[in-house]
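I am opening this notebook to record what I looked up in one protein chain, going from the whole fold down to single side chains.

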Amino acid sequence: MGYTSRLVEREQRLGRPVRVGLVGAGQMGTGFIAQIARQKGVDVVAVADVAIERAETALRKAGIEDVTRGDEAALVDAIEAGGHVVLDDGLALTRLPVDMVIEVSGVPEVAAKVALASLLAGKHVALMTVEADVTVGLLLQAVAKQTGAIYTVCRGDEPVECLKLVEFVEDIGLEVVMAGKGKNNPLRQDATPESLAEEAQQKGMNPRMLCSFVDGTKTMIEMADLANATGLELTRRSMHGPEASVKTLQDVFKPVEDGGILEASGVVDYATGDVAPGVFVIGKATHPVVHEELSYLKMGKGPYFSFYRPYHLASVEAVLSIGEVMVDGQPSLAPRAWKADVSAMAKRDLVAGERIDGIGGEHVYGDAVPAAEARAGRELPIGLASAATLVRDVAKGTAITYDDVALDESRTIVVLRRLQDLLLDAGVLDGGDAPIDLGTLVGAGAR
């Protein structure tokens, strides 16, 4: 059965639907709320946004009119009575009677705070801000295992949907040679919000968001996240990013000895061309009978075959994560290893004293780097860039290091990343299934 039938069965058995709380009622959050409101067996009972009126508007756009404001006790009573509430504090939402918290803020610091608070409150949490997962996801996954709650990235973004293709190719017995996504636009690493202002206006986009796409940061984040979720390696620092078409994917992304660009199998990369907005996996048939059957089924000449999904549906299919968590008891995507990081690179010559403006800004772009290489070079993760002030000059095109900056140590995401790095160095975080005692986490952090 699909999730709808099983969520309805759950509601009938428990006498109430899955109660979802959502943080962030911007464009993406508003779309997500409308989608949840169409789903049977689920109710979005609480929405938090710093602009509380925006939370109310999002619920009403979804057709929900019984909206309550008030103190925490009043909000609890309203939810228990089957109503809907709004508040301006995402962390307070984690104290309400919800089963699952969905974060749609788009701000890595907020996402990290909400995820940690939710897990410590014993609530399942799903992030749409993949920037947080690629920065501190392995630590959050460790906390989730200890609390018994589920930590996940939401369905609908490229890393998750590509992961599903990887699982499909593995499940039918093929060797996963490569996995990746299409990039919509040519890579321009020195792009800034100012240089893209006119294009952003024409597209109805936030200039910073468009900038994060054009300068490659978003692609680097998504592919690093895919590597960490699958255990696949990056092809190399920055990846290749060749031009390819849907028809030529299996010809481009195959080993060098067979005429392709890959120095090894079991890797992650991306392509420019008509592949976007899709995701793909290259699988190899290692048995002649399977090879012959796939060729007969018009999958190509082989032995390398392309499995392509031509779309990802963002908030529209993000609701699938509710079913995966609440019915299957499984995350849609969570790190299983720390294979890749995304380092902050200088877009221009930067000078001591400048406060870095973060993802999609004028100062830095993200570069996907094998995790061991980033750690050896003490390279600053892009997810921490907005918490950094330069203490010395950094040349254009150079990786910014921890030694180049002073970090705002009051930021939750900075504290969590410091702890994650300590635990990785100590060999405590390995992405395995065994839970890690929270006391061990705190003790290792203190050391």
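The entries below go from overall form to the sheet, the salt bridges and one surface patch.

**Entry: overall form.** I note at the start that the model I am reading is a predicted one. I looked up the secondary structure and found 18 helices and 16 strands in the chain. The radius of gyration came out at 22 Å, close to the 22 Å that the globule rule gives for 447 residues, so I record the chain as being as compact as a globular protein of that length. I also took the extent of the C-alpha trace, which spans about 65 × 60 × 50 Å along its principal axes.

**Entry: burial and contacts.** I looked up how much of the chain is covered and found that buried residues make up 55% of the 447 residues. The chain exposes about 18200 Å², and carbon and sulfur atoms supply 51% of that area. For contacts between residues at least 6 apart in sequence, I noted that 71% join residues at least 24 apart.

**Entry: the open sheet.** I traced an open sheet of seven strands, paired in parallel, and wrote down its order as E3-E4-E2-E1-E5-E6-E7. Strand E3 (67–68) and strand E7 (151–153) stand at the edges with a single partner strand each, so one side of each is left without a neighbour in the sheet. I then looked at the E3 edge, where E3 pairs in the parallel sense with strand E4 (residues 84–87) over two bridges. In this pairing I found Val67 opposite His84 in E4.

**Entry: salt bridges around helix H4.** I counted salt bridges and arrived at 33. One of them joins Glu80 to Arg19, with the closest N and O atoms 3.2 Å apart. This pair links distant parts of the chain, since Glu80 lies in helix H4 (residues 72–80) and Arg19 in strand E1 (residues 18–23), 61 residues apart. I checked the cover on Arg19 and list this residue as buried, because its relative accessible area is 11%, and the cut-off for buried is under 20%.

I then turned to Glu72, which is also in helix H4 and whose side chain meets that of Arg95 in a salt bridge at 3.2 Å, N to O. Arg95 sits in the loop between helix H5 (90–93) and strand E5 (100–103), 23 residues from Glu72. Glu72 has a relative accessible area of 35%, so I entered this residue as partly exposed.

**Entry: a salt bridge within a loop, and a network.** I looked up Arg348 and Glu362, whose side chains meet in a salt bridge at 3.2 Å, N to O. Both lie in the loop between strand E13 (340–346) and strand E14 (364–370), 14 residues apart. I wrote both down as partly exposed, Arg348 at 27% relative accessibility and Glu362 with a relative accessible area of 37%. I also followed salt bridges that share partners, and these join Arg155, Glu161, Lys164, Glu167, Arg309, Glu317 and Glu324 into one network.

**Entry: a nonpolar patch.** Which residues make the nonpolar surface patch of about 340 Å²? I found Tyr296, Leu297 and Met299 there. Tyr296 belongs to helix H13 (residues 288–296). I list Tyr296 as exposed because its relative accessibility is 65%, where the cut-off for exposed is over 50%.

Methods: Residues are numbered from 1 along each chain as its sequence is written. This is a predicted model: local features need pLDDT of at least 70, side-chain atom pairs count only at pLDDT 80 or more; totals for chains, interfaces and linings use all residues. Side-chain values use heavy atoms; hydrogens and water are left out. Patches are made of residues with over 30% relative accessible area and no salt bridge: like charges are joined within 9 Å, nonpolar side chains (Val, Leu, Ile, Met, Phe, Trp, Tyr) within 5 Å. Accessible areas come from the Shrake-Rupley method with a 1.4 Å probe; for residues, only the protein chains shown count as cover. A salt bridge is a side-chain nitrogen of Lys or Arg within 4 Å of a carboxyl oxygen of Asp or Glu. Helices (H or I, at least four residues) and strands (E, at least two) are DSSP runs, numbered from the N terminus. Buried means under 20% relative accessible area, exposed over 50%, partly exposed in between (1.4 Å probe, protein chains only). The radius of gyration is taken over C-alpha atoms; the globule rule is 2.2 Å times the number of residues to the power 0.38. Contact means heavy atoms within 4.5 Å. Two strands pair if DSSP finds at least two bridges between them.
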